[in-house]
Amino acid sequence: MDAPAGVAAVAKLDAWLETMRGADGYGGPVAHWWQNCLQFAGAGLDWRYEGIVIGYLNLHRQTGEQRWLAKAKRAGDDVLRGQLPTGTYRNSCFELNPYTGGTPHEAACDLALLHLAEALRELRDSSWPSYSGAAECNIRDYYLGVLWDVDAQAVRDHPHIPSFVPNKAATWVEALIKLAQLSGDEVWIEMYALPTLETVLAHQVQGGPMDGAICQSSQEGRMVRKFFTLYIARCVPGLVAGYIQSGQERFLDAARRAMAFVLHWRRDDGSFPQVVYPGGRTNCYPQWVAGVGDILRAMHLLEPYGCLLYT
């Protein structure tokens, strides 16, 4: 895409996002693999805010235009207003809204807030601690207070059921590492992020035709051997961040192998199957088009380590 076309595409996307804003933030119906939500179309404080906030911050860094920073901060304020006394965020369950305590959506909101805090601190904006403080509150009170499994040394996907979803946990790992970078406290990495990544590695297939694939989830120790290309790609940033922080090559190797698996299943039209099953059967419906952005991001993060962005 040439520069003028890219600028036009960004302008159209920004204009569309503005049509989706209401009094409480960005809303709209949700189309999902497991359940669609057409009854609740209000503002959802979920992983949409990860993309919106970080996307606007990227535009600000690339252009220097203050309007993009203002929109990133406005979105961050949506999340702050939606934080409850429990530390959780209102309407954070995506296709299950309106409920609170959604995963990975609360961690995605934390990641957005922490990126915003980092950018504002660099700009000497004194409001930055309010954003990082809200994220830390959610991490402490909800993820550690409710979801952390001391025995498993990993974050659960359900408060009362031993369960683990690698891509959701990897989003939390990203947030933990960003919090450690902002606070200077390595405990977030050593005690929580790296042990959680160990559990992600335990869900990755070793060898054979499915090498590099990461199981969708596990519950009470039973692996769900369905491989969602988008979710596998969402594990990559956390694994790369874990490698950068720890220097442990096996995290980088796991990220490379995960990406190789995803790219192996890319279709001729550039799309990716939703699910790959152990025998090689695929399911390509419904097609998540916007989700390919996460795959591109994973490829971009791995580019310095030998994974070509375009192959």
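**Exercise 1. The second largest pocket**

Find which residues lie nearest the centre of the second largest pocket in this predicted model, then describe the lining by element and by class.

*Solution.* Start at the centre: Glu95, Leu96, Thr103, Asp157 and Lys168 lie nearest to it, out of 28 residues that line this pocket. The space inside comes to about 580 Å³.

Next, assign the lining to elements. At least two residues each come from H5, strand E5 (163–164), H6 and strand E6 (217–219). E6 has the largest share of the lining, with three residues.

Finally, sort the lining by class: twelve residues are nonpolar, 13 are polar and three are charged.

**Exercise 2. The loop between H3 and H4**

Look through the loop between helix H3 (66–81) and H4, where Pro98 has its place, and work out which backbone features there deserve a second look.

*Solution.* Begin with the background: most residues other than glycine have a negative phi, and most peptide bonds are trans.

Now take phi. Asn91 is not a glycine, yet its phi is positive, at about 55°. Asn91 sits in the loop between H3 and H4.

Then take the peptide bonds. The bond from Asn97 to Pro98 is cis, with omega near 10°. The bond from Thr103 to Pro104 is cis too, with omega near 5°, and Pro104 belongs to the loop between H3 and H4.

One link back to Exercise 1: Thr103, which precedes the cis Pro104, is one of the residues nearest the centre of the second largest pocket.

**Exercise 3. Cavities**

Count the cavities of 30 Å³ or more, and say what lines the largest cavity and the second largest cavity.

*Solution.* The count is three cavities of 30 Å³ or more.

For the largest cavity, the volume is about 70 Å³. Thr103 and Pro104 are in its lining, together with Tyr143, Val155, Arg156, Asp157, Phe164, Val165, Lys168, Ala169 and Trp172. H6 contributes the most here, with three residues. Seven of the lining residues are nonpolar, one is polar and three are charged.

For the second largest cavity, the volume is about 60 Å³. Its lining consists of Thr229, Leu230, Phe272, Pro273, Gln274, Gln287, Trp288, Gly291, Val292 and Ile295. Helix H8 (229–246) and helix H10 (292–302) are the elements that give two or more residues to this lining. Six residues are nonpolar, four are polar and none is charged.

It is worth pausing on the residues that turn up twice. Thr103, Asp157 and Lys168 are in the lining of the largest cavity, and Thr103, Asp157 and Lys168 are also among the residues nearest the centre of the second largest pocket.

**Exercise 4. H4 and its two partners**

Decide how H4 is oriented against H5 and against H6, and list the residues that meet.

*Solution.* Take H5 first. The axes of helix H4 (residues 105–122) and helix H5 (residues 128–147) come within 8 Å and cross at roughly 150°. Angles over 145 degrees count as roughly antiparallel, so H4 is roughly antiparallel to H5. The crossing is left-handed. From H4, the contact takes in Glu106, Ala107, Asp110, Leu113, Leu114, Leu116, Ala117, Leu120 and Arg121; from H5, it takes in Trp128, Tyr131, Ser132, Ala134, Ala135, Asn138, Ile139, Tyr142 and Tyr143. By class, this contact has 13 nonpolar, two polar and three charged residues.

Now turn to helix H6 (residues 166–183). Its axis and that of H4 come within 8 Å and cross at roughly 25°. Angles under 35 degrees count as roughly parallel, so H4 and H6 are roughly parallel to each other. Their crossing is left-handed. Among the H4 residues that meet H6 are Ala108, Leu111, His115 and Glu118, and the H6 side includes Thr171, Trp172, Glu174 and Lys178. This contact divides into nine nonpolar, three polar and five charged residues.

**Exercise 5. H7 against H8**

Classify the crossing of helix H7 (residues 187–202) and H8.

*Solution.* The axes come within 11 Å and cross at roughly 130°, and H7 and H8 are therefore oblique to each other. H7 passes H8 in a left-handed crossing. On the H7 side are Ile189, Leu194, Leu197, Val200 and Leu201, meeting Gly238, Leu239, Gly242, Gln245 and Ser246 of H8. Six of these residues are nonpolar and four polar, with no charged ones.

Methods
Residues numbered from 1 in each chain as written. Predicted model: local features only at pLDDT ≥ 70, side-chain atom pairs only at ≥ 80, totals over all residues. Heavy atoms only, no water. Axes fitted to C-alpha atoms, helices over the stretch in contact; angles between N-to-C directions. Helix = DSSP H or I, 4+ residues; strand = E, 2+ residues; numbered from the N terminus. Parallel < 35°, antiparallel > 145°, perpendicular 65-115°, else oblique. Left-handed = near helix turned anticlockwise from the far one by under 90°. Contact = heavy atoms within 4.5 Å. Nonpolar A, V, L, I, M, F, W, Y, C, P; charged D, E, K, R; others polar. 1 Å grid on protein atoms, 1.4 Å probe; cavity = no way out; pocket = protein on both sides within 12 Å on 5 of 7 lines; lining within 4 Å. Points joined across faces, edges and corners; volume = space filled by probe spheres on them.
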